[in-house]
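Here are my notes after a look through this one. They go point by point, so keep the viewer open as you read.

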Amino acid sequence: MSIAKIGLLLFALFFLLPLAIAAVLHQAEGGGAGWRTADRSSAGLLPPAARQPDAVVRIFAARTVRWRGIFAVHCWIVFKPGGAARYTRYDYTAWGEPIRMNGFEPDGRWFGRVPEVVFAADGAAAAALIPRIEAAIAGFAWRNLGDYRPWPGPNPNTFVSAVMDAVPEVRTSLPPTALGKDYPYDGRWIRPTPSGTGLRLTLGGYAGLTLGWVEGLEVNILGAVAGLDLRRPAIKLPGLGRLGIRGPEGPAAPAPQAMQPS
């Protein structure tokens, strides 16, 4: 079998087939509610701020709206300094100025989809991260009207990935379904991974290769990611996400456990 045929076979097996399965699952679940009527209430993943005196940092991800939920999630950042009366949430959206503060419930369902916790830190660990997170948000260059692009970026996942780049102590990776996370928001096509444990090569967000201890091996083709994680054994597939050992990371996170794919 020629190299070209092997390449096509691998592409069909690790990219096209997972996306087809994800489309079937999405349809079986009803495809998600429309954005006007979908539930955006709290999913109960955070305690009331008044009952949480310590500092908090969370990164959430949830399947995005309607057909885009077949292959993509929306990520956002939430934090609360110690003693603060409320959480602060940052999203990057297509509505108005891209960087949106407190436009939604901190742990709210993303148009009906319950989010998962990608990273969690509480107490002193969170308090040390918050000033650097705020500085990274303030310094994000793509913050003007018209900067948002759903694909290949900059989009919500580009924004969160840029913040993670500025705070490598987070030491986690966004889901493989976080399309746009590999977009070169600062113009650098080769750079350390957000965790600082490897390297990422990206060709304008349209294709790329990531190799790192925290991120694992990821191959990006047109934003869709397939790969392997050896640190927490799992396979990463477009549309289906991470299959294997998974769970939120960080000082406040429980030990990883086997979960169903998101």
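1. Let's begin with histidine 26. Its relative accessible area is 7%, and since the cut-off for buried is under 20%, histidine 26 counts as buried. Bear in mind that this is a predicted model, so the numbers here are all computed from it.

2. Where does histidine 26 sit, and what does its side chain reach? Histidine 26 is part of helix H1, which covers residues 3–28. Its side chain comes to 3.1 Å from the backbone oxygen of arginine 66.

3. Now for the main nonpolar core. The largest one holds 32 residues, and Val57, Ile59, Ile133 and Phe159 have the most contacts inside it. Two or more residues each come from strands E1 (56–63), E2 (73–80), E3 (88–92) and E5 (116–122), and from helices H2 (123–138) and H3 (156–166). H2 gives the largest share, six residues. In soluble globular proteins, nonpolar side chains tend to be buried together.

4. Valine 57 is a good residue to click on. Not counting neighbours within four places in sequence, valine 57 is in contact with Val78, Phe79, Phe119, Ala120, Ala121, Ala126, Leu129, Ile130 and Ile133. There is also a second, separate core of 15 residues, with Leu46, Tyr87, Val117 and Ala120 among them.

5. Next, strand E8 (residues 207–212). Which of its residues are on the covered face, and which on the uncovered one? Gly208, Thr210 and Gly212 make up the covered face, while Ala207, Leu209 and Leu211 make up the uncovered one.

6. E8 has strand E7 (residues 198–202) as a partner: the two run antiparallel and are joined by five bridges. Within that pairing, arginine 200 has threonine 210 of E8 as its bridge partner. The E7–E8 hairpin has four residues between the strands, and glycine 204 there takes a positive phi near 65°.

7. E8 also pairs with strand E9 (residues 216–221), again antiparallel, this time through six bridges. Glycine 212 has glycine 216 in E9 as its bridge partner. The hairpin that joins E8 to E9 does so through three residues.

8. Last, glutamate 97: buried or exposed? Glutamate 97 counts as exposed, because its relative accessibility is 57% and the cut-off for exposed is over 50%. Look for glutamate 97 in the loop between E3 and strand E4 (99–101). Its C-alpha atom is 29 Å from that of glycine 208, with the two positions 111 residues apart along the chain.

Note on methods
Residues are numbered from 1 along each chain as its sequence is written. This is a predicted model: local features need pLDDT of at least 70, side-chain atom pairs count only at pLDDT 80 or more; totals for chains, interfaces and linings use all residues. Side-chain values use heavy atoms; hydrogens and water are left out. Buried means under 20% relative accessible area, exposed over 50%, partly exposed in between (1.4 Å probe, protein chains only). A polar contact is a pair of N or O atoms within 3.5 Å; within protein, one must be able to donate a hydrogen and the other to accept it, and residues adjacent in sequence count only if both atoms are side-chain atoms. Two strands pair if DSSP finds at least two bridges between them. A nonpolar core is a set of buried Ala, Val, Leu, Ile, Met, Phe, Trp, Tyr and Cys residues joined through side-chain atoms within 4.5 Å. Contact means heavy atoms within 4.5 Å.
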